[in-house]
Structure formats: C-alpha cells, structure tokens
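Reader: I'm new to this. Can you walk me through the words people use for a structure like the one below?

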Amino acid sequence: MSQQTSVLYDVPGPRQRRITLITSVITSVVLLVGAYFLIYRPLDDKGQFTMELWGPLVDPSNENFTQVWERIGLGFRHTLTAAALAIVASLAVGTLLAVLRIQLKSLTRRRFSGLATPLAYLLRGLSALLSVVTRVCVEVFRGLPVVLTIFFVARGFPEFGISFDSLWYLVIGLTIYNSVVIAEILRSGMEGLPGGQAEAAAAIGLAPMQTTRMILLPQAFRIMLPALISQLVVVLKDTSLGFIISYEETLNIGKQLIGVLNNPIQVYLVIAVLFIAVNYSLSKLAQYLQRRLSRGRKTAGIPAQNLPSAALTSQAEGAGGN
Amino acid sequence: MNVLIDKFDVFAGGFWLTLQICFLAAIGALVLGAIVAVLRISPVPPLRAVGTGYVNVFRNMPLTVVMFFAAFGLPALGSNADFLRIPVVDSLFRRLGTDLPYFRFALIALVLYTAAFVCEALRSGVNAVPAGQAEAARSIGLTFGQNLRYVVLPQSWKASVVPLGSVIIAMIKNSALVGFFGVVGDLSQTADQLTSAEGYAFIPVAVGISIGYLIMTVPLGALLNRLEKRQAVAR
Amino acid sequence: MEKLNKAQKIKIGTKFDQPGFGQKGLSGKPEGFDVEVAKILVKELGIPEDKIEYVETPSKVREDAIVNGNVDLVAATYTINDKRKERIAFAGPYYEAGQNIMVKKDDTAITGPDSFKDGTKKVCSVTGSTPAENIKKYVKDVGTQLVLFDTYDKCRDALKGGQVDAVTTDNVILLGYIAKDEASYKLAGDNFTKEPYGIGVKKDDTAFRTFINDTLEKAIQDGRWKKAWDDTAGKFGAKLGDAPTINRY
C-alpha cells in the first residue's frame with residue numbers, strides 16, 4: 001500500500017515533516033487518552049483486570065491453568081482438524097467442479113457434426129442441461145450462508161438415515177460451500193488465461209481434457225494460489241461455526257470454560273488472539289506469494305489488479321459467518 | 001410442502017427482519033469502513049497504524065468470535081448498547097413487545113466485522129487509480145485533501161463498486177449468524193424454530209429459508225457480474 | 001443391551017451446559033447428577049467408566065439423537081411425557097423436578113403462579129416448552145403477560161433488564177441461574193408441577209429399559225442414588241425429596 005498511497009502526497013520537506021511529527025504526537029496522545037477513558041477505565045471499573053478472571057488463563061501457578069490450556073489446546077486441534085479436512089476436500093471437489101464446468105462449456109459449443117442429426121441434438125441438449133444444472137448448483141450454494149449449509153447438513157442428513165459425528169457434518173457443510181467458491185476461483189483463472197494457450201494445445205493435438213489437465217489447470221493454480229490461501233483463512237474462520245452443531249472446536253470449548261470460570265471477556269480475548277495470529281500469518285503468506293508471482297514470469301495473462309479483488313471477494317464472502 | 005403456505009407469514013416476517021438488519025448493518029459498515037479507509041491512507045503514522053490494526057484484527061477473526069464478544073462480553077461489562085437507541089432504529093428493536101439488547105449486539109458485531117472488508121474494498125479502489133493521476137494532481141499543487149476529493153476518490157469509486165457489492169453480499173450471508181445469537185425472528189432463527197421446536201418437516205422449511213436468502217444474494221451477484229463485465233470492456 | 005456388553009463402550013447423551021446436572025467444565029468430562037446416574041447404569045452394565053463417550057444433546061435434538069442411534073441412552077434433564085413416548089421410551093423416573101418461578105431478589109409481589117391471575121405481571125418462558133403451556137393456565141391474558149423466547153438465557157436477560165417480572169421453568173434450571181448470581185434472583189414459592197426426569201432409550205428396546213429400571217431401583221435402595229445427588233446438584237441447595245417410584249409402563 002505504501003508506494004501506492006504515498007503518491008497522494010509529496011515527499012515531505014522539513015516543514016511538512018515537522019507538521020507530521022507534531023500531529024503524530026498529538027494524535028498519539030489523544031488516542032492513548034481516549035483508550036484510557038473509553039476502554040481501560042470501563043473495564044477496570046467492572047473489575048475485568050483482576051487475577052480472579054485472568055488467572056486461569058495467564059498465571060501458570062493457578063490451579064486451573066493447566067486444565068484450561070489443555071482444553072483450549074484440544075479445541076484448537078479440533079479446529080485445525082476440521083479446517084484441514086475441509087480445505088483438502090474443498091480443493092478436490094472444487095477442482096473437479098471447475099474442470100467439469102469448463103468441459104461442459106466447451107461441449108455445449110460443439111456441434112457433434114459427425115453424428116446423425118437426432119443424436120447430435122440429443123448430445124447438445126444433454127450437455128446444455130448439465131451445464132445449467134451445475135451452474136444452478138454453484139449459484140445456490142454460493143448464495144447460501146455457510147451457517148445454514150452446515151445446519152441443513154446436520155439436520156438434513158439424519159432425515160435420510162445418514163448420521164455421522166458432528167465433525168463430519170461441519171466438514172461436509174464447509175466443503176459444499178468452499179468447493180463451489182474454489183471452483184469459481186479456478187474457473188476464472190482458467191478462463192483468464194490467454195486464448196493462445198488453449199489454441200496452441202489444440203494445435204499440437206491435445207484433447208480438450210488433456211488441455212485442461214496439462215495446460216490450463218496448472219497455470220490457473222499458480223495464478224490463483226494467493227486467492228486459494230485466502231480461502232484457507234476463510235475455512236479456518238468458518239470452523240468456528242461448529243458450535244451450532246455441538247462440535248467441540250476452540251470457541252465451543254471457550255463457551256464451556258466460561259460456564260465455569262465466568263470470564264467471557266478474557267476467554268474470548270484469548271481465543272481471538274489465537275485466531276488472529278494464525279490467520280494473520282496465512283494472510284501474510286498469501287501476500288508474499290502474490291508479490292513473488294507478480295515479480296515472476298508474466299506467462300499468466302491475468303491483469304495484476306484483478307488478483308487482490310478476487311482474493312478480497314472470496315475472503316469477504318467466506319467472512320466467518322457466511 | 002404445506003408449511004410453506006401455512007407459515008408464509010413467518011417466512012415473510014423472517015425475510016423482512018433479515019432485510020432490515022442487513023440494511024442497517026450495511027449503512028453502518030459503509031460509514032465505519034470509509035472512516036477506517038481514510039485512517040489507513042492518511043499521512044499521520046499513528047492514525048495509519050490504528051486503521052491497519054483495525055483491519056488486521058477484524059479480518060482475521062471469525063465473525064462468530066465478534067458475535068460472542070458483542071452478545072456475551074458487552075453484557076458482562078454492564079452495557080446494553082443503549083447508545084444505539086436512535087428513534088427510528090429503536091422501533092425495530094422492540095420486537096415481541098419486549099426490548100432485548102440482542103438485536104443491537106448483533107448489529108454492532110456485523111458492522112465492526114464488515115467495516116474491515118469495506119475498508120479493504122475502498123482501498124483496492126484507490127489503488128486501482130493510476131499513480132499518474134495523483135502525481136499530476138500534486139504537480140498542479142493540490143493538497144492531500146484536494147487530491148483525494150477532486151481526483152482520486154471520484155475515480156476510485158468506480159473501481160470500488162464491485163468489491164463493495166461482494167462485501168455486502170457476504171454481509172447478507174453473514175447476517176444468518178444473528179439468529180444463533182439471540183435475535184428472534186430472522187430467517188435463520190426461523191429455520192431453527194420451525195424444525196426443532198415446532199416439529200415441521202425439515203426439507204420444505206430448508207427450501208423456504210434458502211429461497212429467502214437466495215432472493216437477496218443471487219440477483220445482487222448477477223448485477224455485480226454485469227457491472228464487472230461492463231467495466232472490463234470500458235477499460 | 002448385549003451389543004453394549006460386547007462392544008464394551010457406550011455413548012451417553014447429556015447436556016453440557018446445565019449446572020448441577022450435566023455441565024462440561026475444566027476437566028473435559030461433563031459433571032452433574034444426570035452424569036452420575038448414567039455412570040451407575042454403565043457400571044452395572046460392566047463397562048469401564050473410561051469407555052463412556054459423552055455426546056452433547058441439547059433439548060431439541062434429544063429424540064432425534066436416540067432415534068438415529070447417535071447415543072445409546074439420554075440422561076439430560078429429560079421430562080417424561082406422552083408426546084415424547086411416541087418416538088422413544090423412558091426408564092425411570094430417577095428424579096422429580098417441578099416447575100417454579102424465578103423473580104428478582106427484592107420482588108415480594110410474586111409469591112407463586114397465582115400472582116399472575118390479576119393480569120399485570122409479565123412472565124417469560126421458552127417457546128413450545130411444557131412450562132410455557134403450564135403457566136398459561138394461570139395468566140389472565142396470554143397476549144400481554146406471556147413472553148416467549150427460544151432459550152432461558154434470554155428470559156433471564158429480560159428479567160434482569162426489567163422487561164418481564166418473572167421467569168418460569170423447572171426449578172433445577174432456575175436454581176442453576178440463582179447459584180450463579182445469588183444477589184439478584186430468588187425462587188418465588190414452591191414447585192407447582194411435577195416434572196419426572198427419565199432416561200431416554202430406543203422405543204422398542206424393552207430389555208434395556210427393564211434393566212435400567214431395575215438398576216435405578218437398586219441404586220435408590222442402597223444409597224448410591226442419594227450420594228450421586230449430594231455430590232452434584234445437592235450442592236446448589238435443591239432438595240432431593242423422596243425417591244420417585246419407578247414407572248414401568
């Protein structure tokens with residue numbers, strides 16, 4: 001951001017630097033005073049800084065410290081398990097879906113001219129129908145909140161006599177939503193590639209499926225890697241929805257701890273810090289990869305400014321609750 | 001499928017409440033997000049730090065955690081979010097004849113969370129304005145404020161519309177969470193209420209609720225798609 | 001039942017957030033009266049305690065969990081009633097709770113359900129629950145006096161904020177709230193209904209049900225039942241009362 005926004009103002013001269021310094025000092029003071037009166041004082045008035053509330057979380061000599069952190073650790077492991085399973089499944093399903101949609105699209109354009117007329121029409125109709133069906137599925141599952149997808153999976157599957165542990169409901173719910181999003185990311189990556197890529201592949205005699213598998217998909221993965229990592233952040237955040245179906249992830253365990261320790265602010269703060277630390281590192285990784293990729297070879301014809309928006313869109317969409 | 005007809009008023013009421021929440025939250029998030037965005041690009045380092053910190057915190061935290069904070073942390077501080085009792089808005093809070101703070105808590109959480117994404121959408125718009133524009137503005141002697149007002153923002157606005165729209169769609173979907181945090185009568189809580197408590201068949205209810213959300217998200221998404229394509233051509 | 005014996009493990013549905021009956025806290029194992037009663041049964045089955053898997057079963061999923069086979073039995077402040085008997089079967093009861101009313105500590109106007117008859121006081125309960133149905137007999141005007149939410153937490157918040165004057169449900173749930181905040185709330189008068197808590201099992205599993213009934217009777221006689229109570233919910237000041245008669249329908 002720095003090199004972009006800094007074009008908004010000149011490189012400061014001595015006078016400007018002085019002004020900046022003075023305003024910096026003043027705003028810092030104002031911010032600190034504001035934080036003291038608006039955040040610290042109310043918290044302190046309600047006794048939120050007492051060791052009684054913080055002890056179990058930060059004081060190793062507290063009788064509950066070990067147990068509390070064992071529980072949080074367990075919850076975090078559960079969170080990571082669910083996130084890992086969901087992202088792997090979403091990648092697999094999403095890739096398949098993307099390939100399917102690309103193939104169907106090219107099928108609908110074919111005229112099957114070598115075949116008898118009725119058969120050709122049948123095939124064209126069929127591929128058009130399939131293409132519509134997949135499109136509708138994508139739109140529906142992308143338009144539904146993830147909370148509801150998870151809730152529907154957990155309530156709906158048993159109606160058909162299928163029941164799992166709550167972990168699997170969560171993973172399935174997350175996979176349904178995220179595979180659709182990943183499919184769209186990959187598809188737009190493939191469609192954004194220069195037409196010459198597919199044409200060259202066809203020219204050397206590759207079948208459409210081979211073209212997708214050997215030429216388009218690897219490039220799409222490469223270009224879309226940052227967006228895919230952002231999606232991982234989304235999945236990680238969305239595992240916190242497991243509490244709705246009684247899956248014991250970090251937040252649910254936090255809720256149980258609060259039931260005993262009676263310190264909501266402190267426990268949620270600790271959990272928030274955990275999530276922020278992990279997700280912030282992942283976001284940084286995505287940014288780093290993106291910088292490296294944009295510095296690298298320019299084979300990928302995607303205009304650079306499309307990337308942040310794609311990443312942002314997907315991340316906001318998976319925004320924790322959706 | 002009878003439940004869809006018998007309970008149509010319940011579905012419609014849920015849809016209406018969700019729409020109201022989304023509308024209020026969208027306004028709040030746009031305003032707060034714009035403020036944060038200004039902080040993030042301002043020339044004063046401490047303000048920039050506050051803006052960046054805000055975005056990093058709320059973007060990397062699950063909305064669920066924000067919701068928990070608002071719905072269970074604020075009461076622990078003795079706050080009922082009374083400052084949100086603005087005359088018109090307040091009438092919305094008084095559902096079922098009683099005044100519960102959960103609606104306000106949910107709104108606060110949605111606004112705080114979405115604002116971080118709004119800020120990023122606005123900033124991506126500013127970044128999309130070619131650097132030469134701002135440089136040219138500076139070279140004719142415009143100050144930072146003038147530069148933003150007359151040159152950068154009018155152009156960045158166009159590039160921001162699509163990302164902003166995506167953020168709002170995401171927010172509509174995120175609003176489904178409020179039903180699990182004490183708001184009574186929105187679409188998602190209606191689903192839970194009808195199937196779990198009143199014992200209606202699950203599938204028709206799921207269909208009805210899904211339609212409710214899709215009515216809001218799909219057309220908006222399609223509109224954004226068209227806008228994006230048109231802009232791509234214009235560029 | 002033989003299957004359980006052979007498998008040497010069992011899944012028990014209980015609540016994770018009901019102080020005194022089933023609450024999961026720091027140890028990672030739920031604790032409470034329901035859990036202790038379940039442990040007595042499991043011991044009698046010859047299954048070691050560490051082979052128990054606890055599954056969280058909030059009120060609204062209890063029948064589903066039994067019917068779908070997610071759990072082998074449910075002990076979760078589970079009131080025996082005829083509607084539920086249509087889908088599952090109950091052993092027990094092992095405890096008799098009763099509906100009561102929680103008011104603010106300084107409230108002297110409400111002394112029991114009859115206090116709602118004059119039509120001024122507002123009372124809160126949960127949608128579709130038995131307590132909500134019961135209190136309707138006492139209130140003068142349901143429309144203005146009865147406020148319904150989906151959880152009791154919201155009722156308590158409404159009481160705290162003064163939007164309602166009372167919360168009504170099973171005494172043990174109310175005692176849990178009072179134990180957390182004794183300075184603010186109290187019970188108004190005595191229980192005015194009987195809510196027998198039973199163990200939920202599959203509807204057609206008569207052998208298992210008979211076994212549970214036999215075991216409960218034995219446990220009541222030899223004092224294990226009372227000990228389970230004294231170790232858990234008894235600490236909140238709830239009264240155990242006389243041993244309930246096992247109902248073998």
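Author: Sure, starting with pairing: two strands pair if DSSP finds at least two bridges between them. Strands are DSSP runs of E with at least two residues, helices are runs of H or I with at least four, and both are numbered from the N terminus. This is a predicted model, where local features need pLDDT of at least 70, side-chain atom pairs count only at pLDDT 80 or more, and totals for chains, interfaces and linings use all residues. Residues are numbered from 1 along each chain as its sequence is written, and chains are lettered from A in the order in which they are written.

Reader: How do you know that β8(C) pairs with β11(C)?

Author: 4 bridges join β8 (residues 99–104) of chain C to β11 (residues 166–170) of chain C, and the two run antiparallel. One of the partnerships is C:Ile101 with C:Thr168. β8(C) also has 3 bridges to the antiparallel β12 (residues 185–187) of chain C, where C:Val103 stands opposite C:Lys186.

Reader: What makes β8(C) mostly covered?

Author: Of its 6 residues, 5 are buried (20 or more other C-beta atoms within 10 Å of a residue's own, with C-beta atoms placed from the backbone).

Reader: Why are α11(A) and α4(B) called roughly antiparallel?

Author: The axes of α11 (residues 264–295) of chain A and α4 (residues 63–76) of chain B cross at roughly 160° and come within 9 Å. Angles over 145 degrees count as roughly antiparallel, so these two helices earn the name.

Technical notes
Axes fitted to C-alpha atoms, helices over the stretch in contact; angles between N-to-C directions. Parallel < 35°, antiparallel > 145°, perpendicular 65-115°, else oblique. Buried ≥ 20, exposed ≤ 12 C-beta atoms within 10 Å, placed from the backbone.
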